[in-house]
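Please examine the sequence and the structure shown below before reading on. The paragraphs after them are intended to be read with the structure in view.

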Amino acid sequence: MVKEAHDVKVAVIGGSGLYHLEHLEVIEEVNPETPWGFPSDKIIISRLPSGDKIAFLARHGRGHYLSPTEVPVQANIAALKSLGVEAILAFSAVGSLREEIPPCDFVLPDQLIDRTKGLRPSTYFGNGLVAHAGFADPFHKGIADLVYKHRDAMKDYTLHRDKTAVCMEGPAFSTRAESHMYRSWGADIINMSALPESKLAREAEIAYQMVCMSTDYDCWRVEEEAVTVETVMQNMKTNSLNAKALLEAVLPDLVQAVDEDTLEPKLKGSMKFAGMTAKEKRNPETVAKLEFLLPGYFA
Ligand SMILES: CSC[C@H]1O[C@H](OP(=O)(O)O)[C@H](O)[C@@H]1O
Ligand SMILES: Nc1ncnc2[nH]cnc12
């Protein structure tokens, strides 16, 4: 497993309906092998008009062949890290649990409720190397501030911020009782991909912010038809145009902020002292895998 330096500091993860950034000049496609396998698809490295490079990865693969439960999230995050990525903007199609978030509005969540079912590998640790990442604030305020600054790029739609997302397992959508329950818990939007992506990015010391694109009202509105894939995909046409407009505005600023190291909070070094396992008790195999992600921390 050879790490290739690509000097790509910012990555975009595209979710349902956002499989390409066709307005950018493609430089190359890479498929880095990691100790956790290969990413969902080839990673596309493109050039911004400013000359800076960014990476794009389709979460479910181009052609959408991986279910949310099947996405190789450990490999995705490790592969991006191996290219040099320090900040991720992760797009996701979400259901709205609030009247004031209609389809085609976007949301920057700042909180997260985990309703996945333990089927997805959700940490790089364990297996003879115990460590605990801080995850009180699962998303990155500095990136959210920067994206919010460019909210006018959304034109006719609103960009909301500081909302609570719930991540469910799927692949079937929620029952009405579950949808009402999430509302009573204070959740504002629902998807199937915020976890473990956000958690693994935190363990990898990558600044991570989800940009959620509302596609439906889930199934809590009694008078309305419950969510279907058809509704989601219809609204994704508008959403993907808005995502691209937003990215065009945000990416140059984000690359500059990462280059100049002005993003707060800083995550680099945050895992250095997160390990609990005595050096002589560490599993050498796990330590070797972690060398790929956080070199020098646990060896
Ligand atoms: C096609 S609707 C359900 C599906 O859409 C979202 O995917 P992504 O987050 O990758 O945009 C949601 O999380 C579900 O996986
Ligand atoms: N209603 C919903 N539930 C879960 N994930 C979604 N993605 C888009 N809409 C969704």
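The following explanation treats confidence, then an annotated site, then a pair of helices, and finally a loop residue.

This is a predicted model. The protein chain has an average pLDDT of 96, and 98% of its residues reach at least 70. The scores for the model are ipTM 0.99 and pTM 0.97.

The annotated site comes from a database record. In an unreviewed entry, UniProt assigns the feature "binding site" to Met192, Asp216, Tyr217 and Asp218. Such annotations may be inferred rather than shown by experiment. Two of these positions, Tyr217 and Asp218, can be followed in some detail. Tyr217 belongs to the loop that connects strand 9 (207-216) with helix 5 (229-259), and Asp218 is found in the loop between strand 9 and helix 5 as well.

Are these two loop residues buried or exposed? The count of surrounding C-beta atoms decides the matter, because a residue is classed as buried when 20 or more other C-beta atoms lie within 10 Å of its own. Tyr217 has 21 other C-beta atoms within 10 Å and is therefore buried. Asp218 has 25 within that distance, so Asp218 is buried too.

The contacts of each residue show what surrounds it. When neighbours within four places in sequence are set aside, Tyr217 is in contact with Gly95, Ser96 and Glu224. On the same basis, Asp218 touches Gly95, Ser96 and Leu97, together with Ser174, Ser179, Ile190 and Val227. Gly95 and Ser96 thus appear among the contacts of Tyr217 and also among those of Asp218.

Helix 5, which follows this loop, also packs against another helix. Two packed helices are described by the angle between their axes and the distance between the axes. For helix 2 (residues 141-149) and helix 5, the angle is about 145 degrees and the axes are 9 Å apart. Their crossing is right-handed. From helix 2, Ile143, Leu146 and Val147 meet Val250, Asp253, Leu254 and Ala257 of helix 5. By class, this contact comprises six nonpolar residues, no polar residues and one charged residue.

A residue in another loop completes the account. Ser67 lies between strand 4 (53-58) and helix 1 (73-83), in the loop that joins them. Ser67 is exposed because it has 12 other C-beta atoms within 10 Å, and a residue counts as exposed at 12 or fewer. Along the chain, Ser67 and Gly126 are 59 residues apart, and their C-alpha atoms are separated by 25 Å.

Technical notes. Residues are numbered from 1 along each chain as its sequence is written. Chains are lettered from A and ligands numbered from 1 in the order in which they are written. This is a predicted model: local features need pLDDT of at least 70, side-chain atom pairs count only at pLDDT 80 or more; totals for chains, interfaces and linings use all residues. Helices (H or I, at least four residues) and strands (E, at least two) are DSSP runs, numbered from the N terminus. Two residues are in contact if their C-beta atoms, placed from the backbone, lie within 7 Å. Axes are lines fitted to C-alpha atoms, for helices over the stretch in contact, and angles run from 0 to 180 degrees between N-to-C directions. A crossing is left-handed if the near helix is turned anticlockwise from the far one by less than a right angle, and right-handed if clockwise. Ala, Val, Leu, Ile, Met, Phe, Trp, Tyr, Cys and Pro count as nonpolar, Asp, Glu, Lys and Arg as charged, and the others, Gly among them, as polar. pLDDT is the predictor's confidence in each residue, from 0 to 100.
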